[in-house]
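Visitor: I should like to learn how to read a structural model, beginning with the whole chain and ending with a single residue. Could you guide me through it?

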Amino acid sequence: MRNTRIRAGLFATLLLASVRGLTQEYAVGADVSFLGQAEQQGSVFKDANHAKPGLEILKDHGYNWIRLRLFHTPTDLPNNLTYTIALAKQAHGLGLKFLLDYHYADGWADPGKQPLPKAWQGKSHAELVKAVFEYTRDTIIAFREAGVLPDMVQIGNEVINGMIWPDGKLPDNWDHFAELVYAGVNGVDAGRGNGTRPKIMIHIDRGADAKATKAFFDKLNSYEIPYDIIGQSYYPWWHGSLNELRQNLQFMATEYQKDIIIVETAYNWKPGNYIDKPGPFPESPAGQREFLDELNRVVQETPRGRGKGIMWWEPAVRGELAIRGLFDDQNNALPATRVFDRFTRK
């Protein structure tokens, strides 16, 4: 049953979307949400031993997008509104486009957890819908007034199991989840003012799973929520083979007529995920590059030109996950950063 509140304003939203450009440039991107913190803490990134700001290194190698996550009120992580605007300004100054990733949580939100922000605890469903709308609207206003209105916005992060639990948890609360997503979409439109409408992405983590992708998007589409881009996470050790990814890209492109971005991916340049079993590529600097090169080929072969890009998850991540980054232990750019050189250099 579709809730009438979900459908309210649908025609106006779709009309606005229809006047936008029909093409999406190929996104060579990275989630750089930790990059600002790393540099603030003294990390100096290098390309061939030449020190440069991390964003400049990525741009030098053809990167044209960044992705930044936003937490509501983080306590242990830096990704609040002030920090995110500052990093978006750095990227904007380099001419990079900007995808904003709303987690609608105070910390990590993913398929295994979608925690309610502390500020929203105790609210009814109707109050949560209002909170999502107002929070999205007000933060989009802040980005717009700072001169960094996002080019694209994710309504939630890896929402295969819903968001803002328990109210929007799936599969039991699809009506609630749909209203929360729609509130986020409406918040983007309310906050952008006269600015160009950001493209809307719905992001799940089933890159190589066509069956689960179909189950989610068939149900989501029954609510007629307007969105532009399907975002998928793809980490081969969790999500499946490149052939399975290819099959799902073919399915999505044909079935949904939406552009698709692999909005999270990574591969280790040191052994980590394939210690007890063989991996599709060596976990080495050369193997990491080979993985990204092959992934790019698979995405670009998506039917109807619907494969619209790849975004690496956290080139500058520190700690135990640094083996998934794009810089080595001396903060030198790894060979994988150069995958796109031959496509983007003139």
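The dialogue below turns from the chain as a whole to one tryptophan.

Guide: Please bear in mind that this is a predicted model. Its secondary structure consists of twelve helices and ten strands.

Visitor: What radius of gyration would a compact globule with 346 residues have, and what does the chain have?

Guide: One compares the value expected for a compact globule with that of the chain. For 346 residues the expectation is near 20 Å, and the chain has 19 Å, which agrees. The C-alpha trace spans about 55 × 40 × 40 Å along its principal axes.

Visitor: What share of the residues is buried?

Guide: A residue counts as buried when its relative accessible area is under 20%. Buried residues account for 57% of the 346 in this chain. Of the contacts between residues at least 6 apart in sequence, 76% join residues at least 24 apart.

Visitor: Where is Trp269 placed, and is Trp269 buried or exposed?

Guide: Trp269 belongs to the loop between strand S9 (259-265) and helix H11 (285-300). Because its relative accessible area is 9%, Trp269 is classed as buried.

Visitor: Which residues are in contact with Trp269, leaving aside its neighbours within four places in sequence?

Guide: Among them are Glu283, Pro285, Gln288, Ile323, Phe327 and Leu334. Gly325, also in contact with Trp269, is 56 residues away in sequence, yet the two C-alpha atoms are 7.9 Å apart.

Visitor: How far does the backbone oxygen of Ala322 lie from a polar atom of the Trp269 side chain?

Guide: That separation is 3.0 Å.

Terms used
Residues are numbered from 1 along each chain as its sequence is written. This is a predicted model: local features need pLDDT of at least 70, side-chain atom pairs count only at pLDDT 80 or more; totals for chains, interfaces and linings use all residues. Side-chain values use heavy atoms; hydrogens and water are left out. Helices (H or I, at least four residues) and strands (E, at least two) are DSSP runs, numbered from the N terminus. The radius of gyration is taken over C-alpha atoms; the globule rule is 2.2 Å times the number of residues to the power 0.38. Buried means under 20% relative accessible area, exposed over 50%, partly exposed in between (1.4 Å probe, protein chains only). Contact means heavy atoms within 4.5 Å. A polar contact is a pair of N or O atoms within 3.5 Å; within protein, one must be able to donate a hydrogen and the other to accept it, and residues adjacent in sequence count only if both atoms are side-chain atoms.
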